[in-house]
Amino acid sequence: MKISGMGLSVGEVAARSGVAVSTLHFYEAKGLIGSSRTAGNQRRYPRSVLRRIAVIRIAQKTGIPLAEIEEALSTLPDDRQLLASDWQRLSERWHTDLTQRIEKLTALRDQLTSCIGCGCLSMHDCPLRNPHDELSSKGPGAHLIEDD
Ligand code: FES
């Protein structure tokens with residue numbers, strides 16, 4: 001794909017990132033990405049915007065709410081090219097949250113065939129792991145999978 005010297009057009013960003021132009025406009029309206037304007041008032045994006053968009057998309061796919069992504073990205077400088085140290089700081093910030101999400105997803109993957117303590121008493125090991133739904137005394141929820 002030929003990239004113009006003045007930065008990427010919205011169409012070039014959409015083609016390379018796989019994100020619709022309307023979504024790019026939405027990201028820009030939310031302050032997640034930024035662009036400059038040509039004399040003809042056309043948006044031009046720095047190439048580094050592709051990494052920002054990729055991080056937004058992956059974070060969204062892992063279930064991180066857009067508001068949280070917005071807040072995290074707002075800590076990154078937008079007046080210069082981002083450095084590895086900037087991304088390092090972001091990854092440290094998300095490390096705990098992502099680790100918890102990974103743990104929950106792993107628990108879900110690994111425990112779907114056994115009792116999760118939800119009160120249904122329908123699995124073979126419910127009588128063992130949640131006899132007479134005693135876990136209901138802890139309140140609502142699937143306590144064997146949700147409790148930290
Ligand atoms: S899976 Fe629901 S109570 Fe065991």
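Which residues of α4 and α5 meet each other? I shall begin there, noting at the outset that this is a predicted model. On the α4 side, the contact involves E68, I69, E71, A72 and L73, and these meet L90, R93, W94, D97 and R101 of α5. By class, the residues of this contact comprise five nonpolar and five charged, with no polar ones.

Now to the geometry of that pair. Helix α4 covers residues 66–73 and helix α5 covers residues 84–111. Their axes come within 10 Å and cross at roughly 155°. An angle over 145° counts as roughly antiparallel, and α4 and α5 are therefore roughly antiparallel to each other. The crossing in which α4 passes α5 is right-handed.

Next, the helix α3, residues 49–61. How do the axes of α3 and α5 cross, and within what distance do they come? They cross at roughly 10° and come within 13 Å. That makes α3 roughly parallel to α5. In this contact, R51, R52, V55 and A59 of α3 meet W87, L90 and W94 of α5. The residues concerned divide into five nonpolar and two charged, and none is polar.

The remaining pair on my list is α3 with α4. These helices pack at an angle of about 145°, and their axes are 10 Å apart. Here, too, the handedness can be stated: α3 passes α4 in a right-handed crossing. The contact is formed by R52, I56, A59 and Q60 from α3, together with L66, I69 and L73 from α4. Five of the residues in this contact are nonpolar, one is polar and one is charged.

Taking the contact lists together, some residues recur. L90 and W94 of α5 appear in the contact with α4 and again in the contact with α3. On α4, I69 and L73 meet α5 and also take part in the contact with α3. On α3, R52 and A59 are listed in the contact with α5 as well as in the contact with α4.

I close with the largest pocket. Its volume is about 320 Å³. The lining consists of 19 residues, and those nearest the centre of the pocket are G34, R52, P77, D78 and R80. Which helices each supply at least two residues of this lining? Both α3 and α4 do so. By class, the lining holds eight nonpolar, six polar and five charged residues.

Terms used. Residues are numbered from 1 along each chain as its sequence is written. This is a predicted model: local features need pLDDT of at least 70, side-chain atom pairs count only at pLDDT 80 or more; totals for chains, interfaces and linings use all residues. Side-chain values use heavy atoms; hydrogens and water are left out. Axes are lines fitted to C-alpha atoms, for helices over the stretch in contact, and angles run from 0 to 180 degrees between N-to-C directions. Helices (H or I, at least four residues) and strands (E, at least two) are DSSP runs, numbered from the N terminus. Angles under 35 degrees count as roughly parallel, over 145 as roughly antiparallel, 65 to 115 as roughly perpendicular and the rest as oblique. A crossing is left-handed if the near helix is turned anticlockwise from the far one by less than a right angle, and right-handed if clockwise. Contact means heavy atoms within 4.5 Å. Ala, Val, Leu, Ile, Met, Phe, Trp, Tyr, Cys and Pro count as nonpolar, Asp, Glu, Lys and Arg as charged, and the others, Gly among them, as polar. On a 1 Å grid over the protein atoms alone, a cavity is a set of points where a 1.4 Å probe fits but cannot get out, and a pocket is an open set with protein on both sides within 12 Å along at least five of seven lines; lining residues have an atom within 4 Å of a point. Grid points are joined across faces, edges and corners, and a volume is the space filled by probe spheres set on the points.
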